[in-house]
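Colleague: Please take a close look at a single part of this model, one strand in its sheet together with what surrounds that strand. I would like one connected account of the pairing, the connections and the packing.

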Amino acid sequence: MKLDTYRLLGRSGLRVSPLALGTMTFGESWGAEEAASRTIFDAYVDRGGNFVDTAGYYAQGASETLTGKFAAAKRQQLVLSTKYSLAVERGDPNAAGNGRKNMVRSVEASLKRLQTDYIDLLFLHVWDDTTPADEILRAFDDLVRAGKILYLGISDTPAWQIARLQTMAELRGWSQFAALQAEYSLLQRAPERDMIPAASALGIGVMPWSPLASGLLSGKYATGAVNPADPDGGRGGMITAVGKVNAATIAVADAVKGVADAIGATSAQVALAWTLANPVVVAPLLGARTLRQLEDNIGALDIELTAEHLATLDTASASEVGFPHDFLQLPFIRDGLTGGTTIVPRR
């Protein structure tokens with residue numbers, strides 16, 4: 001699999017690369033300055049990558065501005081993804097949240113910063129728990145009909161709300177969601193309980209963000225790492241300060257490194273390959289700050305994990321699924337639901 005081995009995004013006809021370039025690092029003081037960002041962008045596109053993700057919130061709009069500048073010469077061949085919801089400037093309650101006013105305002109601002117007439121994929125960035133579902137969906141659909149956005153996505157939203165919105169859109173003949181962004185990695189498997197099964201059932205492609213768990217799965221934090229501090233800057237100090245570097249995370253990092261050493265790969269490549277092994281995952285987001293990191297991450301497409309490797313990683317990172325999922329898997333419940341017979345699940 002290569003960057004130019006394209007996949008369909010959810011139940012849509014949109015064809016995207018199996019790894020998306022996340023540009024949250026573009027323009028940030030802890031990220032990549034303009035020249036380095038340009039190098040990363042060009043390297044990704046030159047290898048056949050066509051899926052670039054940003055947001056108006058990132059670096060107070062600087063990420064979109066740089067992305068638009070870099071993409072201008074190849075706009076038509078790229079799939080540009082951005083988001084609305086989070087305020088870029090403080091003080092205006094209607095310049096934040098999921099409402100129609102903020103959606104329209106955000107799209108107009110993003111179009112200018114991205115130097116484009118349309119946005120390929122617009123995400124609701126974070127669920128605000130106050131805006132009516134029909135207002136969100138109708139505003140999305142109006143923008144699609146106006147030609148300002150082509151496809152819809154949703155991010156960081158409870159699974160039951162995603163299911164409710166997608167069903168409402170289908171029943172009312174409005175544009176439906178093609179993509180879901182959620183934090184998903186060997187250190188964050190909660191989406192497996194409800195979000196990923198919901199996405200699978202509803203025809204929504206999953207785009208994991210932070211598939212390396214903010215660098216915790218990159219190998220720098222495994223036992224015996226030469227330099228667990230971040231040599232390239234970034235947020236390593238913050239991760240350590242908030243207690244994310246602990247015995248449990250190091251144990252998972254060690255398991256990832258063990259598999260990586262066994263197959264001659266890097267920890268980052270193995271962690272990314274694990275997310276790609278999930279059939280609902282379309283394109284994990286790469287948040288590289290250097291060309292070296294980008295090239296290493298793209299190498300994940302060359303990794304094939306065996307069933308034994310996957311079992312090792314799953315065991316090391318296992319998390320409780322909780323009720324009702326654990327209850328539904330109890331032997332006497334399964335026996336009662338099948339009448340003691342064997343039933344092959346629908347594929």
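Modeller: Strand 6 (residues 119–124) and strand 7 run parallel and are joined by five bridges. This is a predicted model, and strand 7 is the part I will follow. Within this pair, leucine 124 is placed opposite isoleucine 154 of strand 7. Between the two strands the chain passes through helix 4 (residues 133–145), and the resulting β-α-β crossover is right-handed. Strand 7 itself covers residues 149–155, and five of its seven residues are buried, which leaves the strand mostly covered.

Strand 7 also pairs with strand 8 (residues 177–183), again in the parallel sense, here over four bridges. Two facing pairs can be picked out. Glycine 153 has alanine 179 of strand 8 as its bridge partner, and leucine 152 stands opposite phenylalanine 177 of strand 8. The connection runs through helix 5 (residues 159–172), and strand 7, helix 5 and strand 8 together form a right-handed β-α-β unit.

Strand 8 is largely enclosed by the rest of the structure, because six of its seven residues are buried. Strand 8 is in turn joined by five bridges to strand 9 (residues 205–209), and these two strands run parallel. In strand 9, methionine 207 stands opposite glutamine 181. The chain gets from strand 8 to strand 9 by way of helix 6 (residues 195–202), in a β-α-β crossover that is right-handed.

These pairings belong to an open sheet of eight strands, with parallel pairing and the order 9-8-7-6-5-4-3-10. Strand 9 and strand 10 (285–286) stand at the edges of this sheet; each has a single partner strand, so one side of each is without a neighbour in the sheet. Strand 7 is placed between strand 8 and strand 6 in that order.

Next come the helices that connect these strands. Helix 4 lies across strand 5 (79–84), strand 6, strand 7 and strand 8, and runs at about 155° to strand 7. Helix 4 also packs on helix 5: their axes come within 10 Å and cross at roughly 60°. That angle makes helix 4 oblique to helix 5. The crossing of the two is right-handed. On the helix 4 side the residues involved are Ala133, Asp134 and Leu137, which meet Arg164, Leu165, Met168, Ala169 and Arg172 in helix 5.

Helix 5 has a further contact, with helix 6. The axes of helix 5 and helix 6 are 9 Å apart and the packing angle is about 15°. The two helices are therefore roughly parallel to each other. Helix 5 passes helix 6 in a right-handed crossing. Ala159, Ile162, Ala163, Gln166 and Thr167 of helix 5 make this contact with Met195, Ala198 and Leu202 of helix 6.

Two loops that leave strands of this region contain a residue with an unusual backbone sign. Aspartate 129 is located in the loop between strand 6 and helix 4, that is, on the connection that leads through helix 4 to strand 7. The phi of aspartate 129 is near 65°, a positive value in a residue other than glycine. Aspartate 129 counts as exposed, because its relative accessibility is 60%.

Serine 210 lies in the loop between strand 9 and helix 7 (236–241). Serine 210 is not a glycine either, and has a positive phi of about 55°. In contrast to the exposed aspartate 129, serine 210 is buried, because its relative accessible area is 17%.

Back at strand 7, the picture is as follows. Strand 7 is mostly covered, with parallel pairing to strand 6 and to strand 8. Helix 4 carries the chain into strand 7 from strand 6, while helix 5 belongs to the β-α-β unit of strand 7 and strand 8. Helix 4 and helix 5 cross at roughly 60°.

Conventions:
Residues numbered from 1 in each chain as written. Predicted model: local features only at pLDDT ≥ 70, side-chain atom pairs only at ≥ 80, totals over all residues. Heavy atoms only, no water. Buried < 20%, exposed > 50% of the residue type's maximum accessible area, 1.4 Å probe, protein only. Pairing = 2+ DSSP bridges. Right-handed = clockwise from strand over helix to strand, strands pointing away. Axes fitted to C-alpha atoms, helices over the stretch in contact; angles between N-to-C directions. Parallel < 35°, antiparallel > 145°, perpendicular 65-115°, else oblique. Left-handed = near helix turned anticlockwise from the far one by under 90°. Contact = heavy atoms within 4.5 Å.
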